[in-house]
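Here is a short briefing to read alongside the structure. Take a look at the model first, and then we can walk through it topic by topic.

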Amino acid sequence: RPQEFNMIHIVFQNRGDLAIKKFDIAYQWEGKWTLLKEIDNPEGFRRLVLPVKDTQASRLRITLKDQAVSGGICEIRVYEESPKTLEMAQRAMEVMKTEIGEVNLPWEND
């Protein structure tokens, strides 16, 4: 059924050299497909938390652009999050691209 969301979590099978590094996210609404975001993941992260514009969709489509990579997608989740949570997720993704590396978001800590 249609969902409203502003954040997408994607988990791949692999990380590093075996990870998916380029893909597009599109959504379908009222029968029309629209590109939502083009993703470049040169670091090869396995888990991506992607803030996106407020979106309402009946379907999502992920188009993988890496022909040489044999891995796939393990999980896709969508959420409607508060502005503060979106900001935290964006900062966490920026930190992941530094020497600190991959970090857990607050809700992922056990």
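A good place to begin is the contact between D40 and K22, which form a salt bridge whose closest N and O atoms are 3.7 Å apart. D40 belongs to strand β3 and K22 to strand β2, so this pair ties together parts that are 18 residues apart in sequence. Please keep in mind that you are looking at a predicted model. The points below take up the charged pairs, then the overall make-up, the sheet, the core and one polar residue.

**Salt bridges**

- In total, the structure holds four salt bridges, and the pair of D40 and K22 is one of them.
- Both partners of that pair are partly exposed: D40 has a relative accessibility of 44%, and K22 has 42%.
- D24 and K65 make another salt bridge, with 2.9 Å between the closest N and O atoms. This pair links distant parts of the chain, since D24 sits in strand β2 and K65 in the loop between β5 (59-64) and β6, 41 residues apart.
- Is D24 buried or exposed? With a relative accessible area of 14%, D24 falls under the 20% limit and therefore counts as buried.
- Its partner K65 is partly exposed, at 41% relative accessibility.
- E75 and R77 also form a salt bridge, and their closest N and O atoms lie 3.0 Å apart. E75 is partly exposed at 34% relative accessibility, and R77 is partly exposed too, with a relative accessible area of 29%.

**Overall make-up**

- The chain has one helix and six strands. Read from the N terminus, the order of the elements is β-β-β-β-β-β-α.
- Of the 110 residues in the chain, 38% are buried.
- About 6900 Å² of the chain is exposed, and carbon and sulfur atoms supply 46% of that area.
- How much of the contact set comes from residues 24 or more positions apart? Among contacts with a separation of 6 or more, such residues account for 74%.

**The three-stranded sheet**

- An open sheet is built from three strands in the order β4-β1-β6, with antiparallel pairing. Its edge strands are β4 (47-57) and β6 (73-79), each of which pairs on one side only.
- On average, neighbouring strands of this sheet are turned by 25° against each other, direction ignored.
- Strand β1 (residues 3-12) pairs with β4 in the antiparallel sense over eight bridges. Within β1 and β4, F5 stands opposite T55.
- β1 also pairs with β6 in the antiparallel sense, here over six bridges. I10 stands opposite I76 in β6.
- Why is β1 described as largely enclosed by the rest of the structure? Eight of its 10 residues are buried, so the surrounding structure encloses most of this strand.
- Helix α1 (residues 83-96) lies across β1 and β4, and runs at about 145° to β4.

**The nonpolar core**

- As general background, nonpolar side chains tend to be buried together in soluble globular proteins.
- The largest nonpolar core here has 22 residues. Which of them touch the most other members? They are I8, I10, F23, I25, L36, L48 and L50.
- The elements that give two or more residues to this core are β1, β2 (22-29), β3 (32-40), β4 and α1.
- F23 deserves a click in your viewer. Leaving aside residues up to four places away in sequence, F23 touches I10, F12, K37, E38, I39, L48, L50, I62, T63, L64 and K65.
- That list for F23 includes I10, L48 and L50, which are also among the core residues that touch the most other members.
- K65 is in contact with F23 and also forms the salt bridge with D24.

**A buried polar residue**

- Q28 is found in strand β2. With a relative accessible area of 13%, Q28 is buried.
- Which residues does Q28 touch, not counting residues up to four places away in sequence? They are W33, A57, S58 and R59.

Key: Residues numbered from 1 in each chain as written. Predicted model: local features only at pLDDT ≥ 70, side-chain atom pairs only at ≥ 80, totals over all residues. Heavy atoms only, no water. Pairing = 2+ DSSP bridges. Helix = DSSP H or I, 4+ residues; strand = E, 2+ residues; numbered from the N terminus. Axes fitted to C-alpha atoms, helices over the stretch in contact; angles between N-to-C directions. Contact = heavy atoms within 4.5 Å. Core = buried A, V, L, I, M, F, W, Y, C linked by side-chain atoms within 4.5 Å. Buried < 20%, exposed > 50% of the residue type's maximum accessible area, 1.4 Å probe, protein only. Areas by Shrake-Rupley, 256 points an atom, 1.4 Å probe, with all protein chains shown as cover. Salt bridge = Lys/Arg side-chain N within 4 Å of Asp/Glu carboxyl O.
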